[in-house]
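Visitor: I would like a close look at a single part of this model. Please take the interior, and then work outward from there.

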Amino acid sequence: MIAFTPSPAVDRVAQTSKRPTMGPAPAGAVSLAMGEPDFDTPAPIVRAAESALQAGETHYTDQNGLPQLREALAKKLTAAGVSSFDAGQILVSHGATAGLASVILAAVGPGDRVVIPEPCYSLYADLVQLAGGEPILVGPAPDMHWDLDALHRELAGAKMIVFSNPCNPTGIVHTRNELVALGEMLSGTDTLVLADEAYDEIVYEPGLFASALTIESLRDRTIYCQTLSKTYAMTGWRVGYVAGPVDVVAAASRIHRTFNGSLNTAVQLAACTALETDSTVVDDMVASYRDRRDLLLDLLAKIPQVKPYTIDGTFYSLVRYDADLTSEQVTAELRRAGLIVRAGSEYGPHGEGHIRLSFAADPASITRAAEIMHQYFASVEAKIAAATV
Ligand SMILES: Cc1ncc(COP(=O)(O)O)c(C=O)c1O
């Protein structure tokens with residue numbers, strides 16, 4: 001046996017990470033834990049990958065991404081925002097995960113402060129730890145939107161702010177006004193903005209969402225991060241991208257190619273097809289999430305001990321519960337009762353006292369999940385009542 005000691009980077013992440021290792025759900029259990037669409041990838045995208053493989057597209061490609069894919073993305077981003085993009089400002093990545101990792105490892109060094117409004121996607125803090133930086137978690141306003149005063153205070157001297165909009169896990173869509181306020185508070189600084197817009201197409205109120213790409217005052221400092229995972233039900237394909245200032249993208253590219261080399265060629269050709277997908281395909285998926293959101297909210301309204309927030313985007317509900325138990329305890333007890341959810345504490349201190357549910361699941365599972373929660377929280381309340389008699 002050799003004596004193996006993990007590197008300090010592994011130690012840093014291991015000691016602070018709140019991310020669970022998610023195995024498959026135990027037999028018979030209902031899972032609302034996974035953050036992925038329950039749809040299959042649309043057939044034309046699958047066929048494009050098949051044809052590419054049959055045609056011999058099985059070799060290495062450009063390490064920044066297939067030129068035709070980057071051209072298509074540059075066109076899309078130019079049409080969507082206030083800046084004009086060219087293919088040189090785009091890095092195609094192994095999912096948004098590797099895009100986020102590349103940008104953070106490229107920009108953040110030991111001791112750099114990175115502001116992360118929480119509750120937030122739990123990967124961000126782990127990546128900052130990996131880079132040796134200092135994650136600064138900033139709690140929200142009572143409605144789960146940003147606490148702008150707190151952000152302003154913590155942003156002084158920060159290297160970067162990273163957030164998701166629409167927000168995983170809260171389902172909040174941060175408004176144009178919030179983004180404009182962020183731009184104003186960063187004016188005159190060198191702080192970078194890493195805007196993760198993985199759920200930009202999964203929004204329930206038309207006109208509510210504004211991309212950071214459309215905010216003039218954020219224009220020069222924003223690195224945009226996107227993925228095909230959620231919009232096109234392509235989580236297993238692993239294709240995302242980042243776009244932004246040339247020097248930041250060049251640094252991220254150096255990290256990405258050092259870690260990953262080039263992305264699968266056939267997958268990138270399928271991604272080109274995904275970008276040409278008729279918008280009704282995505283609209284239909286979003287309409288289905290909307291129905292399931294409404295079903296979940298109706299069912300949760302009948303459980304007196306829980307309170308969800310407004311869900312304007314994503315397919316998540318962060319649910320506040322009324323019980324003197326940690327979210328890890330509640331999650332473990334619900335698991336024993338046959339329901340798998342995520343503990344709110346995974347997403348930051350203000351996630352404590354909550355559980356996160358994904359409603360990208362079939363209506364029967366959502367209904368069963370609500371039944372289990374109903375029984376569970378009633379039994380917790382009954383126990384508390386019995387103990388206080
Ligand atoms: C906000 C957010 N960003 C990024 C990702 C990662 O996406 P990908 O599958 O492209 O790595 C997720 C996945 O859950 C997410 O919720």
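Visitor: Which residues touch the most other members in the largest nonpolar core?

Guide: The model is predicted. Val103, Ile104, Val242 and Ala270 touch the most other members of the largest nonpolar core, which holds 104 residues. Helix α4 gives the largest share of this core, nine residues. Both domain 1 (27-41 + 280-388) and domain 2 (43-275) contribute residues, so the core lies between them. In soluble globular proteins, nonpolar side chains tend to be buried together. A second, separate core has five residues, among them Met144, Cys167, Val173 and Phe209.

Start with Ile104. Setting aside neighbours within four places in sequence, Ile104 is in contact with Leu127, Val128 and Ala131. Leu127, Val128 and Ala131 are buried residues of α5. The other buried residues of α5 are Tyr124, Ala125, Asp126 and Gln129.

Now take α5 as a whole. This helix spans residues 123-131 and is mostly covered, with seven of its nine residues buried. Two helices, α1 (8-16) and α4 (95-107), pack against its buried residues. Three strands do so too: β3 (113-117), β4 (134-138) and β5 (160-164). Gly132 follows α5 and has a positive phi, near 85°. On the other side, the loop between β3 and α5 holds Pro119. The peptide bond from Glu118 to Pro119 is cis, with omega near 0°.

Helix α4 also takes part in the ligand site. The ligand is surrounded by 13 residues, and the closest are Gly95, Ala96, Thr97, Thr227 and Ser229. With three residues, α4 gives the most to this shell. By class, the shell has three nonpolar, nine polar and one charged residue.

Strand β5 leads to another cis bond. Asn165 and Pro166 are joined by a cis peptide bond, with omega about -10°. Pro166 sits in the loop between β5 and α7 (176-186). Asp312 is in contact with Pro166.

Asp312 deserves its own stop. It is found in the loop between β9 (306-308) and β10. Asp312 has 20 other C-beta atoms within 10 Å, so it counts as buried; the cut-off is 20 or more. Leaving aside neighbours within four places in sequence, its contacts also include Gly171, Ile172, Val173, Val203, Tyr204, Glu205 and Leu208. Val173 is also one of the residues in the second core. Asp312 and Thr170 are 142 residues apart in sequence, yet their C-alpha atoms are 9.2 Å apart in space.

Thr314 lies in the loop between β9 and β10 as well. Its phi is positive, near 70°, in a residue other than glycine. Thr314 has 29 C-beta neighbours inside 10 Å and so counts as buried.

Set Arg238 beside Thr314. Arg238 also has a positive phi in a residue other than glycine, near 65°. Its place is the loop between β7 (222-227) and β8 (240-243). Arg238 has 19 C-beta neighbours inside 10 Å, so it counts as partly exposed.

Next, the contact between the domains. The domain assignment gives domain 1 (27-41 + 280-388) and domain 2 (43-275). Their centres, taken over C-alpha atoms, are separated by 27 Å. Domain 1 puts 29 residues into the contact, and domain 2 puts in 32. On the side of domain 1 that touches domain 2, α10 (279-301) and β10 (316-321) each supply at least two residues. Helix α10 has the largest share of that side, six residues. The side divides into 13 nonpolar, nine polar and seven charged residues.

Finally, step back to the whole chain. The protein chain has 12 helices and 13 strands. Its radius of gyration is 21 Å, close to the 21 Å that the globule rule gives for 389 residues, so the chain is as compact as a globular protein of that length. Along the principal axes, the C-alpha atoms fill a box of roughly 70 × 60 × 50 Å. Of the 389 residues, 46% are buried. Among contacts with a separation of 6 or more, 75% join residues 24 or more positions apart.

Note on methods. Residues numbered from 1 in each chain as written. Predicted model: local features only at pLDDT ≥ 70, side-chain atom pairs only at ≥ 80, totals over all residues. Buried ≥ 20, exposed ≤ 12 C-beta atoms within 10 Å, placed from the backbone. Helix = DSSP H or I, 4+ residues; strand = E, 2+ residues; numbered from the N terminus. Contact = placed C-beta atoms within 7 Å. Domains from an automatic or database assignment. Nonpolar A, V, L, I, M, F, W, Y, C, P; charged D, E, K, R; others polar. Core = buried A, V, L, I, M, F, W, Y, C linked by C-beta atoms within 7 Å. Near = placed C-beta within 6 Å. Rg over C-alpha atoms; globule rule 2.2 N^0.38 Å.
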